[in-house]
Amino acid sequence: MSIHVTRMMQAMLLPRYGSSELLQLAETPRPVPEEGCALVRVYAAGVHPIDWQIPQGMFKESQPVTFPFIPGIEVAGVVEEVGAGVTSELLGQEVLGQVAHGGYAEYVSVPASALARKPQTLSFLEAAAFPFGAVTAWRALFDIAGVTAGQQVLIQGATSGMGLFAVQLAKWKGARVIGTAPARYHEFVRSLGAELVVDSTTIPAERMDLVVLGPGATMSSALAALRDGGMLMSNAALRPEERAQAQARGIRAVTSRGTTTVPLDQLVQLAEEGFLRAPVGKAFALREAAQSHAYAQSGQGFGRFALRVVEKIP
């Protein structure tokens with residue numbers, strides 16, 4: 001008679017809705033990879049706004065969760081097991097990818113199709129902070145806005161999140177990129193590929209083909225920077241008077257939400273070739289998840305933020 005032993009792992013568990021302060025490091029059963037999935041030993045996890053928005057209950061009507069809940073949608077690590085239908089060639093491979101949740105843990109089961117090989121150009125911390133922002137920036141710039149070489153693109157809030165990837169991808173495409181950032185981070189944004197960096201209150205002299213509205217910027221400044229017939233990308237709703245102004249000038253207002261045509265492997269290839277990087281401005285230990293959320297929401301720092309799930313990452 002065989003005895004089934006449940007293997008355990010450490011994870012950040014949320015017992016109920018409230019805030020990130022409720023997250024606790026505790027033991028919980030290790031997932032078993034289902035068909036089409038791989039079990040990843042997580043070395044690092046990206047920190048993303050949804051990781052604190054879910055604890056706050058922002059999506060409890062549209063996307064209710066089961067407790068105890070493990071946040072985390074971006075991971076990097078090593079494949080330790082594979083489920084049925086997944087090639088054994090993945091075993092031992094260094095990977096990165098996106099998950100629905102569960103990244104703030106020592107192990108997570110990930111659909112093999114959602115994984116990509118970790119490029120040598122990215123550390124595990126950088127790889128964990130890569131997938132969501134890079135994919136979202138590609139969708140915003142190319143699937144939705146159709147950015148082409150020679151266009152004028154203004155990325156507002158270019159120091160973090162999707163913005164820092166948008167600067168790099170627009171530059172790679174051959175657009176002229178202007179970024180906004182606090183003065184102390186101008187050099188950082190220039191290093192990403194921006195030709196010009198200005199403060200968020202400054203409206204560039206040239207009129208833009210596309211403005212990506214970001215943190216710290218106002219809708220009025222974004223509209224003022226656009227040429228007639230340009231495109232405004234914002235996930236925030238326009239007020240009636242702003243919508244009227246946009247329509248009068250032939251400006252299209254769109255959001256970055258939707259599906260993406262680019263496979264993660266293609267973005268990883270750009271990182272391998274040196275066109276994309278994922279600078280991590282600050283890293284935290286797994287047990288410091290709540291502190292990482294507070295830091296990210298404070299508007300401090302630059303780059304992406306990540307959690308060290310393995311204290312000594314190889």
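A salt bridge is taken here as a side-chain nitrogen of Lys or Arg within 4 Å of a carboxyl oxygen of Asp or Glu. The model is predicted. By this criterion, R239 and E241 are joined through their side chains, with an N to O distance of 2.9 Å. R239 also forms a salt bridge with E242, where the closest N and O atoms are 3.3 Å apart. The partners can be placed by their accessibility. R239 has a relative accessible area of 48% and is partly exposed, because the exposed class begins over 50%. E242, at 7%, is buried, since its value falls under 20%. A further network is built from salt bridges that share partners, and it joins R176, E195 and E206.

The whole structure holds 11 salt bridges. One of them links the side chains of E81 and R7, at 2.5 Å from N to O. E81 belongs to strand 4, residues 74–82, while R7 sits in the segment before strand 1 (8–13); the pair therefore ties together parts that lie 74 residues apart in sequence. Both ends of this contact were assessed for accessibility. E81 is partly exposed, with a relative accessible area of 21%. This value places E81 outside the buried class, because that class requires a value under 20%. R7 is partly exposed too, with a relative accessible area of 40%. Such contacts follow a general pattern: side chains of opposite charge can pair when their charged atoms come close.

The strands were examined next. An open sheet is formed by 6 strands, in the order 10-9-8-11-12-13. The pairing in this sheet is parallel. Strand 10 (196–198) stands at one edge and strand 13 (252–254) at another. Each has a single partner strand, so one side of each is left without a neighbour in the sheet. Neighbouring strands are turned by 20° against each other on average, with direction ignored. In general, strands of a sheet pair through backbone hydrogen bonds, either parallel or antiparallel.

Within this sheet, strand 8 covers residues 152–155 and strand 9 covers residues 176–180. The two pair in the parallel sense over 4 bridges. Q152 has R176, in strand 9, as its bridge partner. R176 thus appears in two settings: R176 is the bridge partner of Q152, and R176 is joined with E195 and E206 in the salt-bridge network.

Definitions and conventions
Residues are numbered from 1 along each chain as its sequence is written. This is a predicted model: local features need pLDDT of at least 70, side-chain atom pairs count only at pLDDT 80 or more; totals for chains, interfaces and linings use all residues. Side-chain values use heavy atoms; hydrogens and water are left out. Two strands pair if DSSP finds at least two bridges between them. Axes are lines fitted to C-alpha atoms, for helices over the stretch in contact, and angles run from 0 to 180 degrees between N-to-C directions. Buried means under 20% relative accessible area, exposed over 50%, partly exposed in between (1.4 Å probe, protein chains only).
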